[in-house]
Amino acid sequence: MDGAVGEAEGVALRVAFDPRLKLEFHGSGVTSDAGLLAFRELDDALGLTNLAGEVLADTRTGQNSRHTLTAQIRQSVFGRLAGYEDVNDADRLWRDPAMRWVVGGRAVTQNAASTSQMGRFETEVLAHEANLATLTDLPGRWIDHVHARRPVNGIVLDMDSSVSPTHGEQEGSAYNGHFGCTCYHPLFVFNQFGDLERCALRPGNVHSAEGWREVLEPVVARYRSTMKRRYFRADAAFASPEIYEFLEEEGYGYAIRLPANAVLQRRIAHLLTRPVGRPPHEVRRSYASFRYRAQSWNRSRRVIAKVEWHPGELYPRVGFLVTNLCRPPERVVAFYNQRGTAEQWIKEGKNAVRWTRLSCRSMTANAVRLQLHALAYNMANFFRTLVLPDQIEQWSLTTLREKVVKIGAKVITHARYTVFQMAEVAVPRDLFRRILAMIDELRPKRIEPC
């Protein structure tokens, strides 16, 4: 038994199944997150966390030695990238060599920020009203930096809400009958690349479209003078005349799911009759396009109907879209169906950066946490869409964390440099080299003097 659990602190542990094995723990000499260095390289090439440090206000007082806002925002974002979503994780992270080099500054020669320092940073400094507003704008600022290096001919915005279950007496937490749990009900806007343009934390019992203008309008304003082709998609929760009128005034083409009603059903009655003959083995689809005006609308709008007869089903599946696009009905439906990727991105945010982990008591502190998760999500998505070689470009954000971030390494420090001896398991040296080369191509080109 003694051989299985070790003899004393500092002595190698032993396992019983093979006496040739010894287990040693070197917290400051090894890391399980060496892949964060590649994400930090991308951050440096794009200038993302430096931008965050420039626009956030330092509300701390005192003249004692401390970490900069840029260093702490890095620790918050990169910690979440590695799967450490709790402030308490800083208890171990502040000595981790990969985290110290990612944070930079005094963390390289000493330590990163402690649990108490990170707690004050996230619940006090960032919770200040001006800083929270700036933090909410940061995902869009980061995307603008990326667009400068990624040619974009048009923008497609997808808006959707989600659920963040709560556990305890958290401010703003409420029961939501649709999700069947006590939760928060955040709202998200993504672009066609999967980047999170903007998000907002809301009480759990609000309608899915509650506060849509506060979230969507700043995004629309950013693209007002830079994008000529602009589109918007959303589900039936956002089928509101106020949203239609807003998008039409801003010059957006849109496709929004429309709840069915008796009037709409009568307009397509000829498509709801079961086809004559033996039922086919494939799905039969029919489309219709017509003008429709609800009582709350200020004018008539185009409605697209899709009717599907599936083998073995007695009744057809019927769906309606309200749109101002002039495309054929099949293409409008195909365009709308692509918004399903937004649901996948929300799922990745939940699984890869765990943005449902909102465990603070105050709603303001949880709003800060959601925005930090949003920044971590965007950093990971930039990495996926900008610098992954062809053979791994389809990796999910969860796979990126498990195979790229979670690279184990032994750290050897010399007088003039530090070496990370990285394991070659999921990501071999040549693949990592190609990632670094693609990051280097994103850096601003230096103009040589004549």
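Gln 170 touches Tyr 184, Leu 358, Ser 359, Cys 360, Arg 361 and Asn 366, leaving out residues up to four places away in sequence. The residue sits in the loop between β5 (164–165) and β6 (174–176). Despite that loop setting, Gln 170 counts as buried, because its relative accessible area is 9% and the cut-off for buried is under 20%.

All of this comes from a predicted model, so a word on confidence is in order. The chain has a mean pLDDT of 90, with 94% of its residues at 70 or more. The weak spot to flag is residues 1–7, where pLDDT stays under 50 and the model has six contacts beyond four places in sequence. Where pLDDT is low, the predicted coordinates should not be read in detail.

Taken as a whole, the chain has 17 helices and 16 strands. Its C-alpha atoms fill a box of roughly 80 × 60 × 55 Å along the principal axes. Of the 450 residues, 50% are buried. The accessible surface comes to about 22,500 Å², and carbon and sulfur atoms account for 50% of that. As for contacts between residues at least 6 apart in sequence, 65% join residues at least 24 apart.

Turning to the sheets, eight strands line up in the order β9-β8-β4-β10-β11-β14-β13-β12, giving an open sheet with mixed pairing. Its edges are β9 (196–200) and β12 (284–292), each of which pairs on one side only. On average, neighbouring strands here are turned by 20 degrees against each other, direction ignored. Within this sheet, β10 (residues 229–234) and β11 (residues 253–258) run parallel and are joined by four bridges. Phe 232 stands opposite Tyr 254 in β11.

Two helices go with this sheet. Helix α15 (residues 363–387) packs on the sheet and touches β8 and β9, its direction making about 165 degrees with that of β9. Helix α14 (residues 340–352), for its part, lies across β4 (154–161) and β8 (187–190), running at about 60 degrees to β4.

Then there is the packing of nonpolar side chains. The largest nonpolar core has 122 residues, and Leu 157, Phe 232 and Phe 383 have the most contacts inside it. Helix α15 gives the most to this core, with 15 residues. Phe 232 is worth a closer look: setting aside neighbours within four places in sequence, its contacts include Leu 157, Met 159, Leu 216, Ile 243 and Leu 247. Also in contact with Phe 232 is a run from Tyr 252 through Gly 253, Tyr 254 and Ala 255 to Ile 256, along with Phe 335. Phe 335 itself belongs to a second, separate core of ten residues, which also includes Ile 304, Leu 321 and Tyr 336.

The other sheet to describe is an open one of three strands, with the order β3-β15-β16 and antiparallel pairing. Here the edge strands are β3 (30–31) and β16 (418–422), and each pairs on one side only. Strand β3 is joined by two bridges to β15 (residues 409–413), the two running antiparallel. In this pair, Thr 31 stands opposite Ala 409 in β15.

Terms used. Residues are numbered from 1 along each chain as its sequence is written. Side-chain values use heavy atoms; hydrogens and water are left out. Two strands pair if DSSP finds at least two bridges between them. Axes are lines fitted to C-alpha atoms, for helices over the stretch in contact, and angles run from 0 to 180 degrees between N-to-C directions. Contact means heavy atoms within 4.5 Å. A nonpolar core is a set of buried Ala, Val, Leu, Ile, Met, Phe, Trp, Tyr and Cys residues joined through side-chain atoms within 4.5 Å. Buried means under 20% relative accessible area, exposed over 50%, partly exposed in between (1.4 Å probe, protein chains only). pLDDT is the predictor's confidence in each residue, from 0 to 100. Accessible areas come from the Shrake-Rupley method with a 1.4 Å probe; for residues, only the protein chains shown count as cover.
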